[in-house]
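Hi,

Here is the structure I said I'd pass on. Have a look at it first, and then read my notes underneath.

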Amino acid sequence: MRMKKKLTALILSAALTLGLCACNGGKPEALDSFDAKVYVDGFLRQTYLGEYLPEYLELVGITEAEAEYAYQTSMNVEVSNCLYYYDIDYPTAELREDLAKLYEEIYSHAKFEVTSAVEQEDGSYAVKVSVEPIDTIRLAEEKWADALKEFYEKYPGDVQNAMTDAEYEEMDKEHAAIILEVLQSVAEETGNLEAEEILVQITRDEEGVYSLSTAELQKIDDRIIDYPAAD
């Protein structure tokens, strides 16, 4: 099993689509009503917890249905990230559904707080977010050796190299079942690591529209779930 780096860029570009820009639809007359803390807190709650704060929805000009769609999209993309991270090549629809439910459970443990938002001279905002990373993946790391021992005895490298495509697909399904079982088992033990403070910048363009860039979002997304560094 090859554990790869988290596909953060994929998540941020594909899943975190709605809510990237705010200012009541970008209307200049609404500049005075912009609340950076509501913006960041509402966006994080939408994305990771499936919570849709009325003041956030009004600020970014989206409906609850649109926010729900964004949340479900983020969970589905997290499934793709999981498949990549654990090198699962032939996921079934059932596996994707099980992983989506699993990640909803995992993300229900997300802990974060927007502690401050300070407006800068150029109209941007410096926002501090305290995040307590979820430890599910780290807990799973402790179980892989035992969980995969029989799998690797059954499928050593030379056997894998000699497989047909159909045989490899069957092996991949066995591997995926083990991954899912371990993740489900540790999800019940999920907790949070020590809080970390993250500073992000909200910028404002010439039309008065505020936005949180992909690079800034990545700082937070990287630490919501603690993914051990890939080899």
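**Salt bridges first**

Let me start with helix H10, where the side chains of lysine 173 and glutamate 170 form a salt bridge, with 3.7 Å from N to O. Both residues sit in helix H10, three residues apart, or about one turn of the helix. Lysine 173 is partly exposed at 34% relative accessible area, and glutamate 170 is also partly exposed, at 45%. Elsewhere, salt bridges with shared partners link Arg138, Glu196, Arg223 and Asp226 into one network. Before you read too much into any of this, keep in mind that the model is predicted.

The count comes to eleven salt bridges, so here are two others from helix H8 to look at.

- Lysine 149 and glutamate 153 pair up through their side chains at 2.6 Å, N to O. They lie four residues apart in helix H8 (residues 149–154), about one turn of the helix. Lysine 149 is partly exposed, with a relative accessible area of 49%, while glutamate 153 counts as exposed at 51%. The two values fall on either side of the cut-off, because exposed means over 50%.
- Lysine 154 and glutamate 174 meet in a salt bridge at 3.2 Å, N to O. Lysine 154 belongs to helix H8 and glutamate 174 to helix H10, so this pair ties together parts that are 20 residues apart in sequence. Lysine 154 is partly exposed at 48% relative accessibility, and glutamate 174 is partly exposed at 31%.

**The overall picture**

Stepping back, the protein has eleven helices and five strands. Of its 231 residues, 45% are buried. It exposes about 11700 Å², and carbon and sulfur atoms account for 47% of that area. If you take the contacts between residues at least 6 apart in sequence, 74% of them join residues at least 24 apart.

Which residues have the most contacts inside the largest nonpolar core? They are Tyr86, Ile202 and Ile224, in a core of 64 residues. Helix H10 gives the most to this core, with nine residues. For a closer view of the core, try isoleucine 224: setting aside residues up to four places away in sequence, it touches Tyr48, Tyr107, Ala110, Phe112, Val131, Glu132, Pro133 and Ile134.

**Two acidic residues to compare**

Is aspartate 41 buried or exposed? It is buried, because its relative accessible area is 16% and the cut-off for buried is under 20%. Aspartate 41 lies in helix H2 (residues 36–49). Apart from neighbours within four places in sequence, its contacts are Leu53, Phe112 and Val114. Phe112 also turns up in the list for isoleucine 224.

Glutamate 189 is in the loop between helix H10 (165–187) and strand E4 (196–204). At 46% relative accessibility, glutamate 189 counts as partly exposed. Leaving out neighbours within four places in sequence, glutamate 189 is in contact with Leu139 and Lys143. With lysine 143 there is a side-chain to side-chain polar contact at 3.4 Å. The C-alpha atoms of glutamate 189 and threonine 136 are separated by 7.7 Å, although these residues are 53 apart along the chain.

**How far to trust it**

The mean pLDDT of the protein is 86, and 85% of its residues reach 70 or more. Among the elements, strand E3 (residues 125–132) has the highest mean pLDDT, at 97, and helix H1 (residues 8–15) the lowest, at 45. Over residues 9–19 the pLDDT is below 50, yet this stretch has 34 contacts in the model beyond near neighbours in sequence. Residues 24–31 also stay under 50, and there the model has 13 contacts beyond four places in sequence. Where pLDDT is low, the predicted coordinates should not be read in detail.

That's what I have so far. Let me know what you make of it.

Cheers

Conventions. Residues are numbered from 1 along each chain as its sequence is written. This is a predicted model: local features need pLDDT of at least 70, side-chain atom pairs count only at pLDDT 80 or more; totals for chains, interfaces and linings use all residues. Side-chain values use heavy atoms; hydrogens and water are left out. Helices (H or I, at least four residues) and strands (E, at least two) are DSSP runs, numbered from the N terminus. Buried means under 20% relative accessible area, exposed over 50%, partly exposed in between (1.4 Å probe, protein chains only). Contact means heavy atoms within 4.5 Å. Accessible areas come from the Shrake-Rupley method with a 1.4 Å probe; for residues, only the protein chains shown count as cover. A polar contact is a pair of N or O atoms within 3.5 Å; within protein, one must be able to donate a hydrogen and the other to accept it, and residues adjacent in sequence count only if both atoms are side-chain atoms. A nonpolar core is a set of buried Ala, Val, Leu, Ile, Met, Phe, Trp, Tyr and Cys residues joined through side-chain atoms within 4.5 Å. A salt bridge is a side-chain nitrogen of Lys or Arg within 4 Å of a carboxyl oxygen of Asp or Glu. pLDDT is the predictor's confidence in each residue, from 0 to 100.
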